[in-house]
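This report looks at the chain as a whole, then at one pair of helices and one strand. Please keep the sequence and the structure at hand while reading.

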Amino acid sequence: MAAERHDWTRAEITELFELPFFDLLYRAHSVHRQHFDPNAVQVSMLLSIKTGACPEDCKYCPQSGHYNTGLEKEKLMAVNKVLEDAARARDAGASRFCMGAAWKSPTERDLPAVLEMVKGVKALGLETCMTLGRLTPEQAQALSDAGLDYYNHNLDTSPEYYGDIITTRTFGERLDTLANVRDAGMKVCCGGILGMGETEQDRVGLLEQLATLPTHPESVPINMLIRIPGTPLEHVEDLDPIEYVRTIAVARILMPRSYVRLAAGREYMSDDTQALAFFAGANSIFYGERLLTAGNPEADKDKALFGKLGLHPEHHCGVTDQAHQAAIDDALRHKALDDLTVDASA
């Protein structure tokens, strides 16, 4: 059984990246089999609950208010509508429902509606995840008390390259939010984005930061940059798919018990690339047609790929009688909850 370590050095991680490709994949796949069903994939769906007009200047993001990408800003969704989408996600086979808002951090006026979304999605029998930007300790505790299972807050890239991508929030502030999430008792979803013009050493640095956290993130999304017209990275050179798979494999070795997720950019990956990534230890995907404001592979295409590879969705515990009754009770309150929805883009 591969031991879980938190003292990886850059030199050791660099050695992994430099292994012959098939030796690396064999080692990663062996680690994966020690901790997971190699043919099971955790399936999540992601909904943008508030789109556009974000004050951050992340160079990859079409939701940033700093760039003209043609994206229409939208107000915070009504609680009722979010729960309808969550129910459809559950019925389509998702075990986790992720909700993302284009904020630097949630405001106190927004938080009551967000907390009700968490409670309602939990009542449907789904695991819950949110990404709302920076959290104070008090906000993290409120989300935890509402039943939020996972909080997503990516580091994006290495500490050295970070300032070339984002200037409106420091790397240290991201680590502070992760600490607040842990202290509140929630699980962490944290990864990064590849293909932003970074070097291999930046990919080494990103994984070093993740693998040396006191507790490894339970979920590690490895995104491939989607080059959005109007953003500063729209003309960056594509990353070689083999380098993407290599990063998946190293992440699996470094964090043997974490779910490693194929996230943004998957719609542009061939079936061959995805198959190699699954073999290398990826065991989580976003499923469905949309990934926040970017496209995601169509559901039927994902089902066909799973069929070809002999993969199956990982099953969640399902909906208990108590959860079903809670969903009924929540439905009686939805009309009142809609009054909590505000225009968060104002």
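## The chain as a whole

In this predicted model, 58% of the 346 residues of the protein chain count as buried. The secondary structure of the chain comes to 13 helices and 12 strands, and of the contacts that link residues at least 6 apart in sequence, 76% join residues at least 24 apart.

## Helices H2 and H9

Two packed helices are described by the angle between their axes and the distance between the axes. For helix H2, which covers residues 21–35, and helix H9, which covers residues 241–254, the axes come within 9 Å and cross at roughly 40 degrees. Because this angle lies neither under 35 degrees nor in the range of 65 to 115, H2 is oblique to H9, and the crossing of the two helices is left-handed.

On the H2 side the contact is made by Phe21, Leu24, Leu25, Arg27, Ala28, Val31 and His32, which meet Ile242, Val245, Arg246, Ala249, Val250, Arg252 and Ile253 in H9. Sorted by character, the residues of this contact comprise 10 nonpolar, one polar and three charged.

## Strand E8 and its neighbour

In a regular strand the side chains alternate between the two faces of the sheet. Strand E8, residues 259–262, is covered on both faces, with Tyr259 and Arg261 buried on one side and Val260 and Leu262 buried on the other.

Strand E7, residues 219–224, runs parallel to E8 and is joined to E8 by four bridges. Within this pairing, Pro221 stands opposite Arg261 of E8, a residue that is itself buried.

Technical notes. Residues numbered from 1 in each chain as written. Predicted model: local features only at pLDDT ≥ 70, side-chain atom pairs only at ≥ 80, totals over all residues. Heavy atoms only, no water. Axes fitted to C-alpha atoms, helices over the stretch in contact; angles between N-to-C directions. Parallel < 35°, antiparallel > 145°, perpendicular 65-115°, else oblique. Left-handed = near helix turned anticlockwise from the far one by under 90°. Contact = heavy atoms within 4.5 Å. Nonpolar A, V, L, I, M, F, W, Y, C, P; charged D, E, K, R; others polar. Buried < 20%, exposed > 50% of the residue type's maximum accessible area, 1.4 Å probe, protein only. Pairing = 2+ DSSP bridges.
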